[in-house]
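Reader: Please take me through one part closely, the metal coordination, and then carry on to the rest. I'd like the cut-offs behind the words as you go.

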Amino acid sequence: MEQAQGSVLSSLVDIIFPPVCPLCEVALRKEEFCSACTQRFASLRITGTVCTVCGIPFASGAGPEHTCARCIRSPMPFTRARSAFVYDSAVLEALHAFKYDGRMALAAPLGRMAASAAPAGEPPEIVVPVPLHRKRLAERGFNQSLLMARRVAEDLGARLDYSNLARTRETLSQVGLREKERRKNVKGAFALRDPSVFSGRTVLLVDDVLTTGATMEECAGVLEEAGARVSAVTLARAVRI
Ligand SMILES: [Zn+2]
Ligand SMILES: [Zn+2]
């Protein structure tokens, strides 16, 4: 009965607010994105061979999995990082619409797509979003990584913890900074309120975009120090193509 009422209510809502594609706003029936946007997303999926550690796609896209030169040179404080998409076109537009225009309808589908890219193997017990500094949070009104992480935790059956990892110092936007500057910018910028929560736990860090990985490494380092085994997932990955 309750279900019947629920479906009547949702059909009513659909009549008053017809569903639209959260990215381009064309009318939809049941699907999450319109077919044009779905195709644009699909063309950006990272599907070929990637670095076993950091998940960067190899240019050839074929051959056996191996570790990239950078991960061999300087080992990462996480076991594995993976991303769903190359950060370009539809994915870039979707993240901009979500982060800067506050189009909240994108939070769930983008979170679900990030969850689908989570590294296989050891399932995470705790999902942790990369935090914003409270000043940035006050400006934007929401943390895009937390909204996506909520969906990731739900899909993976893990506990969401968004109050322990904190950005303790304001950092510059990483946009436009070189790799070395990015590292310096985020060095020592994160801390755990209660490190004991993470001791012996498997933790999945969630962020929107991975560029040089400096932010992710810094967060992972803090969690690893607390005794966690850390892996990471982002919706997108900046790749020179
Ligand atoms: Zn669309
Ligand atoms: Zn690598």
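Author: Let's start with the geometry rule: four donors count as tetrahedral if all angles lie between 85 and 135 degrees, while four count as square planar and six as octahedral if opposite donors are over 155 degrees apart and all others between 65 and 115, with anything else called irregular. Donors themselves are N, O and S atoms within 2.8 Å of the metal (3.2 Å for Na, K and Ca), and since water is not among the atoms, sites may look incomplete.

A bit of housekeeping. This is a predicted model, where local features need pLDDT of at least 70 and side-chain atom pairs count only at pLDDT 80 or more, while totals for chains, interfaces and linings use all residues; side-chain values use heavy atoms, without hydrogens or water. Residues are numbered from 1 along each chain as its sequence is written, with chains lettered from A and ligands numbered from 1 in written order.

Now the site. The zinc ion (ligand 1) takes its protein donors from the SG atoms of Cys-21, Cys-24, Cys-34 and Cys-37, which sit 2.3 to 2.4 Å from it. The angles between those four donor atoms run from 102 to 119°, so the arrangement is tetrahedral. For comparison, ideal tetrahedral angles are 109.5 degrees. Along the chain, the zinc donors follow the pattern C-x2-C-x9-C-x2-C. Cys-24 and Cys-34 both lie in the loop between α1 (2-16) and α2 (35-42), so this pair ties together parts 10 residues apart in sequence. (Helices, H or I with at least four residues, and strands, E with at least two, are DSSP runs numbered from the N terminus.) On accessibility, buried means under 20% relative accessible area, exposed over 50% and partly exposed in between, using a 1.4 Å probe and protein chains only. Cys-34 is buried at 7%, whereas Cys-24 is partly exposed at 36%.

On to the sheet. It is an open one of five parallel strands, ordered β1-β7-β6-β2-β3, and its edges are β1 (81-86) and β3 (159-160), each pairing on one side only. Two strands pair if DSSP finds at least two bridges between them. Five bridges join β1 to β7 (residues 229-237), and Val-86 stands opposite Arg-237 in β7. Helix α7 (residues 144-156) packs on the sheet, touching β2 (126-129), β3, β6 (202-210) and β7, with its direction at about 135° to that of β6. Contact here means heavy atoms within 4.5 Å; axes are lines fitted to C-alpha atoms, for helices over the stretch in contact, and angles run from 0 to 180 degrees between N-to-C directions.

Strand β7 also leads us to the charges. There are 10 salt bridges in the whole structure, each being a side-chain nitrogen of Lys or Arg within 4 Å of a carboxyl oxygen of Asp or Glu. Glu-122 pairs with Arg-229 at 2.7 Å, linking the loop between α5 (107-116) and β2 to strand β7, 107 residues apart. Both partners are partly exposed, Glu-122 at 39% and Arg-229 at 47%. From the other pairs, Glu-125 reaches Arg-201 at 3.0 Å; Glu-125 is in the loop between α5 and β2 and Arg-201 in the loop between β5 (190-192) and β6, so parts 76 residues apart are tied together.
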